[in-house]
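Let's take a walk through this one together, starting with charged side chains and moving on to helices and pockets. Have the viewer open as you read.

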Amino acid sequence: MATMNVSLPSDMVEFVEQEVSQGGYGSSSEVVREALRLLRHEKAQQAEKLAILRREISIGVEAADAGRFSKKSVSDILDEVMLESPRR
């Protein structure tokens, strides 16, 4: 495994040391690897959401270019979405 030296502010060093001392991780390297895995996962989710948004915008633009418009107001659409979404 490759080695990398990283400089961290003192509050992050304390956090890493606390995670190790509480037994959740065997070393500071494990904490950093887990943090990077989470960051990678979060970025992948953001990229997927952006791709979906771009696809949906493209569908909407194509529909508008073809003259297909909804007669529903934004308020009507919001009401439908709120009815369809699960309550939290």
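Glu 56 and Arg 55 join their side chains in a salt bridge, at 3.7 Å from N to O. Keep in mind that this is a predicted model, so the distance is a computed one. Neither partner is tucked away: Glu 56 has a relative accessible area of 43%, so it counts as partly exposed, and Arg 55 is partly exposed too, because its value is 48%.

How many salt bridges are there by this rule? The count comes to three. Here they are side by side.

| Salt bridge | N to O distance |
|---|---|
| Glu 56 and Arg 55 | 3.7 Å |
| Arg 37 and Glu 34 | 3.1 Å |
| Lys 72 and Glu 80 | 2.9 Å |

As a reminder, side chains of opposite charge can pair when their charged atoms come close.

Now look at Arg 37 and Glu 34. Both sit in helix 2, three residues apart, or about one turn of the helix. Residues three or four places apart on an α-helix point the same way, because there are 3.6 residues a turn. On accessibility, Arg 37 comes out at 46%, which means partly exposed, and Glu 34 at 24%, so it is partly exposed as well.

The Lys 72 and Glu 80 pair brings a nitrogen and an oxygen to 2.9 Å. Lys 72 has a relative accessible area of 42%, so it is partly exposed; Glu 80, at 33%, is therefore also put in the partly exposed class.

**The helices**

Helix 2 runs over residues 28-65, and with 38 residues at 1.5 Å each it should span 56 Å; the C-alpha atoms at its ends are 55 Å apart, so the two figures agree. After helix 2 comes Gly 67, with a positive phi near 85 degrees.

Helix 1 covers residues 10-21. Does the same check favour agreement or disagreement for helix 1? Its 12 residues should span 16 Å at 1.5 Å a residue, and the end C-alpha atoms are 16 Å apart, so it agrees. Just after helix 1, Gly 23 also has a positive phi, about 90 degrees.

Helix 3 spans residues 74-84 and holds Asp 76. Asp 76 has a relative accessibility of 37%, so it counts as partly exposed. Try picking Asp 76 and Ser 29 in the viewer: they are 47 residues apart in sequence, and their C-alpha atoms are 52 Å apart in space.

**The pocket**

Ser 29 turns up again in the largest pocket, which holds about 720 Å³ of space. Which of its 22 lining residues are closest to the centre? They are Val 6, Ser 28, Ser 29, Val 32 and Arg 33. Helix 1 and helix 2 each supply at least two residues of the lining, and helix 2 gives the most, with nine residues.

**A nonpolar patch**

Val 6 has a second role to look at, since it is part of a nonpolar surface patch of about 470 Å². Its companions there are Met 4, Leu 8, Met 12 and Val 13. Val 13 lies in helix 1, and its relative accessibility is 30%, so it counts as partly exposed.

Conventions
Residues are numbered from 1 along each chain as its sequence is written. This is a predicted model: local features need pLDDT of at least 70, side-chain atom pairs count only at pLDDT 80 or more; totals for chains, interfaces and linings use all residues. Side-chain values use heavy atoms; hydrogens and water are left out. Helices (H or I, at least four residues) and strands (E, at least two) are DSSP runs, numbered from the N terminus. Buried means under 20% relative accessible area, exposed over 50%, partly exposed in between (1.4 Å probe, protein chains only). Patches are made of residues with over 30% relative accessible area and no salt bridge: like charges are joined within 9 Å, nonpolar side chains (Val, Leu, Ile, Met, Phe, Trp, Tyr) within 5 Å. Accessible areas come from the Shrake-Rupley method with a 1.4 Å probe; for residues, only the protein chains shown count as cover. A salt bridge is a side-chain nitrogen of Lys or Arg within 4 Å of a carboxyl oxygen of Asp or Glu. The expected span of a helix is 1.5 Å times one less than its number of residues. On a 1 Å grid over the protein atoms alone, a cavity is a set of points where a 1.4 Å probe fits but cannot get out, and a pocket is an open set with protein on both sides within 12 Å along at least five of seven lines; lining residues have an atom within 4 Å of a point. Grid points are joined across faces, edges and corners, and a volume is the space filled by probe spheres set on the points.
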